[in-house]
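Me: I've got a model open and want to check the labels people put on it. Mind if I quiz you?

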Amino acid sequence: MTERGASPEDPWVKVEYAYSDNSLDPDDEDSDYHQESYKESYKDRRRRAHTQAEQKRRDAIKRGYDDLQTIVPTCQQQDFSIGSQKLSKAIVLQKTIDYIQFLHKEKKKQEEEVSTLRKDVMALKIMKVNYEQIVKAHQDNPHEGEDQVSDQVKFNVFQGIMDSLFQSFNASISMASFQELSACVFSWIEEHCKPQTLREIVISVLHQLKNQLY
């Protein structure tokens, strides 16, 4: 019996070709599966990266608030209104703002104190120059002033100085209230009791007395 050749017309061959030409290729299914898995993996990576970035941001903010509570003294003080509860972010920020404003006021106060001290130093320098001039004048003319003046002359000098000061005092001081009186006194002292101003008053009084005596 002769073996039949496998020709294209053979029905068995057609069936085999049909199975071999099936559109559901296993390789194509694997390709689609891997592509879909890659897409999902990419989305997962993006979601994970976003979550990590958001967590870092939250951690940085939390560290910032923790640092503020450590640095700002008022955040460490016990607030009986909230008991032992942890300070909220709003309270931490408000306490920080209040503390910064307090520091600004303290800075301004210190600057004013420094300015006052500088004025005092300047006044002391003026007084030092005046005393040096007096000493030098005495050294240049050792016999000058040997004639003693009477107590009446001393009193007249003192009275002339006080009269001049009282005139400015009386013109500057308000008696509307004790608070206003206190403010006016300090203002008068700063304005009319400066070393240079007192020196000018003394020179004027001595000049007038000299004209009276001679």
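Me: Which helix gives the largest share of the lining of the second largest pocket?

Reply: H4, with six residues. Keep in mind that this is a predicted model. H4, H6 and H7 each supply at least two residues of that lining.

Me: What makes a residue part of that lining, and which ones sit closest to the pocket's centre?

Reply: A lining residue has an atom within 4 Å of a pocket point. There are 13 of them here, and the closest to the centre are Lys119, Asp120, Glu190, Lys194 and Pro195. The pocket's volume is about 420 Å³, and its lining divides into seven nonpolar, two polar and four charged residues.

Me: How do you know that the span of H4 agrees with its number of residues?

Reply: H4 runs over residues 89–140, which is 52 residues, and at 1.5 Å a residue it should span 76 Å. The C-alpha atoms at its ends are 76 Å apart, so the two agree.

Me: Which residues of H4 are called buried, and what makes them so?

Reply: Val92, Lys95, Thr96, Ala123 and Asn130. Buried means under 20% relative accessible area, so these five residues of H4 fall below that cut-off.

Me: Why is the set with Val153 and Trp188 called a nonpolar core?

Reply: A core takes buried residues of nonpolar types joined through side-chain atoms within 4.5 Å, so the 10 residues of this set, including Val153, Ile173, Cys184 and Trp188, qualify as the largest one. Helices H5, H6 and H7 each give two or more residues to this core, and H5 gives the most, with four.

Note on methods
Residues numbered from 1 in each chain as written. Predicted model: local features only at pLDDT ≥ 70, side-chain atom pairs only at ≥ 80, totals over all residues. Heavy atoms only, no water. Expected span 1.5 Å × (residues − 1). Buried < 20%, exposed > 50% of the residue type's maximum accessible area, 1.4 Å probe, protein only. 1 Å grid on protein atoms, 1.4 Å probe; cavity = no way out; pocket = protein on both sides within 12 Å on 5 of 7 lines; lining within 4 Å. Points joined across faces, edges and corners; volume = space filled by probe spheres on them. Nonpolar A, V, L, I, M, F, W, Y, C, P; charged D, E, K, R; others polar.
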